[in-house]
Amino acid sequence: MMDGAYTNPYHSGRSEDDITLAPFAGRKLPLARLHQALTDPIQRSALLFLGARRMGKTALLRVFERTADEGFVTVYIPLRETPIADETDWVLALAQAITAQMIEQGISVSRLSNMEAPGENGRDWLKQRFLPEVFAAIRPQRQIVLLLDDAERLVGAVKSGRMRPDIFADMADMLGPQLGIALTMDWEFEADVREFAALISSANVIRMSGLADDECLWLLQEPPRGAYSVTDECVAAVVRATGGAPNLVQHYGYQLFERWLAYPGLNVVTLDDVKAATPLAYSYTAGDFADLWQQLAADERLVLSSISRMVYDDPLARVDAGSLERWMLETDYPLDATVINAAVRGLEYRDILKAGPTGISIAAGLLQSWLLENGALGGRLKVGPLAGDESLARPSRMRLIVILVLLLAAAIVVAALLISATQTPQQAVVPLRPTVTLLATPLAP
């Protein structure tokens, strides 16, 4: 709800902007799962939020930090900004972050002020000296909640030898009525989730996907209420362009609000306003699409580019594994149905494609535009190599047929020469009458 100050409530996407001030939409289910994991008296497990870059993982942790009831002492730790040279660094980072949050919430830290520094075994110091004093200070009714953002940094520290591999089992031992843990991880590192097996049960790995339609509706309509209104039709256009990606919906909101600030007479946002904001949203997200493209497997890129071309050629055509296979047979990169289905499933899992009654489609219209401009497939019948993957070029079926015909013709010529070489001298002097001489006789008028 607008308070009359008329400052843009949305996050612009600039790194220096405070994400905690931006409006937050939906995510009721992930937040409920987090609360359940923290309060479950039987099943003690940390919770991991897994999702693509800018899918709202950090925003989720920060909104929980901001809105958690007084029973939780939330400690947000951005691991991307927390140097971890060794385990002592890690233990000190945890201790300092917990202490700082206790001070901010007015909890006495007198019991911690005279505590000696951790020695060679920082883990034992953390579990046997520091945390017991913290638990005594916050009272049994309260719980420390560690919110660890970008947890792939912890896995990297283990793989590089800066921390011992049993660190996650040790963190699991810390879990209890007065300590809970929630983490986030980019899906690019999804293969590393197994490293957390001792700390996180498979049921507590939560995938973050795009916002639902009603969540996008709230995000675009509610924050500017009192300044201007956004029609449901305009919201639907933004959803088609973004696929519900929260950072993109947020950016559309930012651009529409900036447009209203420039033209305050625009009391109702129209489709023309959404259209005017689209090039700015495209420019904002193009780098993310480029990063996404590099992260995909080769077959996934081939399928994604083929779908973008098929939709461009015929927007009403049904796209499925069968039509994709037929279409790709006419390119330099034919794939069979099994490979196509595997690639489609992987792209659906990452919310890049979506399946519906009318077939497969690209979730975000902005990505469709990016693929047409930057996707490696250059055309329907003549396809250039994938950027940086020239070794993946495969001959088309037509090219194979031409090669086979040429090889067959060459074999026939060789066979004829061999037969000629085995003829007797008498046979060899018999001249052959070439039929082409008939063409030298002029046709009668």
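A charge counts as sitting over a ring if NZ of Lys or CZ of Arg is within 6 Å of the ring centre and within 35 degrees of the ring normal. In this predicted model, Arg207 fits that bill: its charged end sits over the ring of Tyr349, 3.9 Å from the centre. Arg62 does much the same job of illustration, lying over the face of Tyr76 at 4.1 Å from the ring centre.

Rings also meet rings here, and a search of the whole structure turns up seven aromatic pairs. One of them joins Trp125 and Phe130, a stacked pair with 5.4 Å from centre to centre and 25° between the planes. Trp125 is buried, at a relative accessible area of 10%, and Phe130 is buried too, at 4%.

Trp293 and Trp370 make a tilted pair, because their planes stand at 55° with the ring centres 6.0 Å apart. Trp293 belongs to helix α11 (residues 271–295) and Trp370 to helix α15 (residues 365–374), so this pair ties together parts that are 77 residues apart in sequence. Both partners are tucked away: Trp293 is buried with a relative accessible area of 5%, and Trp370 is buried with 8%. Elsewhere, ring pairs link Tyr228, Phe257 and Trp260 into a cluster.

Away from the rings, Asp214 has its place in helix α8 (residues 213–221). Asp214 is exposed, because its relative accessible area of 55% is over the 50% cut-off. Its C-alpha atom is separated by 9.5 Å from that of Val235, 21 residues apart along the chain.

Conventions:
Residues are numbered from 1 along each chain as its sequence is written. This is a predicted model: local features need pLDDT of at least 70, side-chain atom pairs count only at pLDDT 80 or more; totals for chains, interfaces and linings use all residues. Side-chain values use heavy atoms; hydrogens and water are left out. Helices (H or I, at least four residues) and strands (E, at least two) are DSSP runs, numbered from the N terminus. Buried means under 20% relative accessible area, exposed over 50%, partly exposed in between (1.4 Å probe, protein chains only). Rings of Phe, Tyr and Trp (its six-membered ring) pair if their centres lie within 6.5 Å; planes under 30 degrees apart count as stacked, over 60 as edge-to-face and the rest as tilted.
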